[in-house]
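Morning, everyone. I have one structure to go through today, and I will keep to what can be read off the coordinates.

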Amino acid sequence: MAIFALAVACAVLAAAERLDPSSIADLLLIGELGLDGRVRPVRGVLPSVLAAADAGYVRVVVAEQTAPEASLVPGVTVLGVRSLRQLVAVLTGAPEPEEPPDPVGGRPDPLMAGLMLPSAGVRGLPDERALRLDMADVAGQYEARRALEIAAAGGHHLYLKGPPGAGKTMLAERLPALMPPLTQKESLEVTAVHSVAGLLPAGRPLIGTAPYCAPHHSTTMPAIVGGGSGLPRPGAVSLAHRGVLFLDEAPEFPVRVLDALRQPLESGEVVIARSAGSLRLPARFLLCLAANPCPCGRYSRRGEGCECTPAMVSRYQGRLSGPLLDRVDLQVQVAPVTRIELMERDSTAETTETVAARVLAARERAAARLEHTPWRTNAEVPGHELRTRWQLAAGALNDAARQLERGLLTARGLDRVLRVAWTVADLAGRDRPDQRDVRTALVLRTGVEQGFPLPERGHGRYGGIPAQRGSAPGDDRPHARVEPPTDGKEAA
C-alpha cells in the first residue's frame with residue numbers, strides 16, 4: 001500500500017547500510033513515495049498518528065502537506081519532509097538539500113487514494129456560500145423553522161414534507177449553522193473520518209463546524225453506508241458524523257438504502273464486514289429527510305391539481321417505511337408560502353445567529369444535566385433513563401399515555417416524545433418538561449393536536465407550531481404552540 005512506501009524505502013536503505021537502523025527503530029513513517037523521490041501525502045494520517053500515539057510512538061514522519069494534520073495529536077513530535085533525500089539528510093545529520101514545493105498540491109491524489117465522492121455532497125468546512133445562508137432568508141415557515149431549532153438543540157432527526165418550492169431544501173441547508181461548534185474531541189473524530197476519505201482541504205487540517213452531507217438520490221448503498229471493493233471506505237453516514245445528513249427527495253432513494261440507515265440511527269456507528277475483516281466507523285449524525293406528498297408534488301387532502309392516482313400516492317409515500325419514520329422525532333408539514341409571506345419583508349424574522357444562540361444555551365443546559373453520564377444531547381439518552389432518572393412535571397405524560405393506549409404511539413415513539421419534550425423545555429429555560437412541552441412533542445411527532453391533523457390546519461403565518469406567533473384574529477380553533485424562551489421564567 002502507498003502509505004507504507006516511505007517506511008519500506010527507509011528499511012531498504014537501513015539494510016543497505018545507508019542508514020543506521022537505530023535511527024528509524026522508534027520512528028513511524030507515513031507517506032507515499034513517488035518515482036522522483038518526493039514524499040506525497042496520503043489519506044488517513046490523523047487516525048494513523050492517533051493509533052501510533054496509543055502504541056507508544058512519540059516521533060512521526062509524514063509528508064510536509066499533512067504535517068499540520070498530524071500535529072493535532074498531543075505528545076507526538078511531527079517531522080514533515082518533502083522528499084526521501086531530505087529525510088535521509090535529517091536522519092544522518094547531513095545538510096538538508098533544498099527541495100521545491102510539490103506542484104501537485106497539498107491533498108492526496110484522489111485517484112491514488114481510491115476515493116472519489118462527487119455525489120456525496122460533502123461540505124465539511126464552511127465555504128463562502130455556506131456562510132451566506134441565513135434563516136432570515138426563509139419566507140414564512142414558522143413551524144418548520146421552530147422544528148429546525150428543536151432539532152439542532154437536541155440532535156433530533158427531522159422529516160420535512162410538503163410541495164415543491166415550499167422551502168424544504170433552504171431550511172435543511174441552514175440547519176448545520178444552527179448547531180454549536182464541535183468540541184475538541186468531536187473535531188478530532190470528524191477530522192479523522194474526513195482524513196480517511198481524503199477530503200481534508202489543504203491548510204485547514206481541523207474541522208470545527210458540523211459537516212453537511214447531501215447525497216443525490218441515485219447514490220449507491222456503499223456510498224451511503226460505506227464499503228466498496230478492497231479496503232472499505234467511509235460512506236455518507238460517516239462523513240456526516242456530528243453533523244447533518246440531508247436526503248432530499250427521500251422517497252426516490254432505493255428502499256434498501258433507506259432501511260440501511262435504521263441501524264446507525266440507533267447505535268451511532270456502522271460496521272462494514274468483509275471477508276478479510278470488519279471496519280467500525282462512527283455515524284452519529286442528524287438525519288433530515290425531505291419529500292414531496294406525491295410524484296407530481298401537488299397532492300393535498302383537497303386534491304387540487306394532483307394528477308396522481310391513489311395507488312401512486314400510496315406507493316410513493318410507502319417508500320419511507322414505518323420502522324424508519326419511527327426513528328424520526330420531528331415530522332413537519334411544510335406548507336406553500338403565501339403571497340404575503342413571499343412579497344412582504346418580515347422584520348421579525350430571526351437570523352441564524354439569534355437562533356444559534358438559543359440552541360447553544362439549550363445545549364449547555366442539557367450538558368449540565370447530563371454531566372456525569374455518557375450522553376451529551378437529549379436525543380442520545382435512553383428512554384429508560386428518561387422515564388426513571390429525571391422526573392417530569394405532574395400530569396405531563398397524560399396525553400402521551402392516552403396515545404400509547406390507543407396504539408397511536410409505540411414504546412420507541414414514547415421515548416422519543418420524552419426526548420423532544422426535554423429539548424423544548426431546555427429552549428424555554430424550564431428545569432423539567434410540563435404538559436405543554438410533551439403536547440408540543442406529540443404534535444411534532446404525530447402531526448395531530450386535539451383532533452386537527454397538521455395538513456388541515458391553518459399554515460403560514462398563523463398555522464401549525466409558530467415560534468413567536470399567536471392565533472390568527474377570529475380563529476378560535478386550537479393550535480399547538482411551542483413556547484418561546486422565557487429565560488427561566490414561567491409564562492403567566
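**Surface, core and charge pairs**

I start at F4, which has 46% relative accessibility and therefore counts as partly exposed. F4 sits in the segment before α1, and that helix covers 5-15. Together with V8 and V12, F4 makes up a nonpolar patch on the surface, and the three have about 280 Å² of accessible area together. Before going further, please keep in mind that this is a predicted model.

Now the chain as a whole. The secondary structure comes to 22 helices and 17 strands. The chain has 492 residues, and 51% of them count as buried. The exposed area is about 22,700 Å², of which carbon and sulfur atoms supply 54%. If you take the contacts with a separation of 6 or more, 69% of them are between residues 24 or more positions apart.

Next, the interior. In soluble globular proteins, nonpolar side chains tend to be buried together. Which residues touch the most other members of the largest nonpolar core? They are L158, L175, C288 and V438, in a core of 51 residues. The element that gives the most to this core is helix α21, residues 411-428, with eight residues. There is another core apart from this one, with 27 residues, including Y159, I224, V257 and V270.

Back to L175 for a moment. Setting aside neighbours within four places in sequence, L175 is in contact with L148, A152, V244, L286 and C288.

L178 is found in helix α9, which runs over residues 175-178. Is L178 buried or exposed? L178 has 0% relative accessibility, so the residue counts as buried. Beyond four places in sequence, the contacts of L178 are M135, L148, E149, A152, T352, V355, A356 and V359. Take A152 from that list: L178 and A152 are 26 residues apart in sequence, but their C-alpha atoms are 6.2 Å apart in space.

Then the cysteines. How many disulfides does the count come to? It comes to zero. C10 counts as buried, because the relative accessibility of C10 is 0%. C308 is in no disulfide either; the nearest cysteine sulfur belongs to C296 and is 3.6 Å away. The cut-off for a disulfide is a pair of cysteine sulfur atoms within 2.5 Å, so a pair at 3.6 Å does not count. C308 is buried too, with a relative accessible area of 14%.

That leaves the charges. Side chains of opposite charge can pair when their charged atoms come close. The structure holds 29 salt bridges, and I will take three of them.

In one of these, the side chains of R416 and E266 meet at 3.1 Å, N to O. R416 lies in helix α21 and E266 in helix α14, residues 262-267, so this pair ties together parts that are 150 residues apart in sequence. Helix α21 has already come up, as the element that gives the most to the largest core. The two partners sit in different classes of accessibility: R416, at 5% relative accessibility, counts as buried, whereas E266 is partly exposed with a relative accessible area of 41%.

Another salt bridge joins D326 and R445, with the closest N and O atoms 2.6 Å apart. This pair also links distant parts of the chain, 119 residues apart: D326 is in the loop between α16 (322-325) and β15 (330-333), and R445 is in helix α22, residues 435-446. Here D326 counts as buried at 16% relative accessibility, and R445 is buried with a relative accessible area of 8%.

The last pair is R430 and D434, whose side chains meet in a salt bridge at 3.8 Å, N to O. R430 is buried, with a relative accessible area of 4%, and D434 counts as buried at 14% relative accessibility.

Which residues are joined into one network by salt bridges that share partners? They are E266, D326, R327, D329, R412, R416 and R445. The R416 to E266 pair and the D326 to R445 pair therefore both have their residues in that one network.

That is what I have. I will take questions now.

Terms used:
Residues are numbered from 1 along each chain as its sequence is written. This is a predicted model: local features need pLDDT of at least 70, side-chain atom pairs count only at pLDDT 80 or more; totals for chains, interfaces and linings use all residues. Side-chain values use heavy atoms; hydrogens and water are left out. A nonpolar core is a set of buried Ala, Val, Leu, Ile, Met, Phe, Trp, Tyr and Cys residues joined through side-chain atoms within 4.5 Å. Buried means under 20% relative accessible area, exposed over 50%, partly exposed in between (1.4 Å probe, protein chains only). Helices (H or I, at least four residues) and strands (E, at least two) are DSSP runs, numbered from the N terminus. Contact means heavy atoms within 4.5 Å. Patches are made of residues with over 30% relative accessible area and no salt bridge: like charges are joined within 9 Å, nonpolar side chains (Val, Leu, Ile, Met, Phe, Trp, Tyr) within 5 Å. Accessible areas come from the Shrake-Rupley method with a 1.4 Å probe; for residues, only the protein chains shown count as cover. A salt bridge is a side-chain nitrogen of Lys or Arg within 4 Å of a carboxyl oxygen of Asp or Glu.
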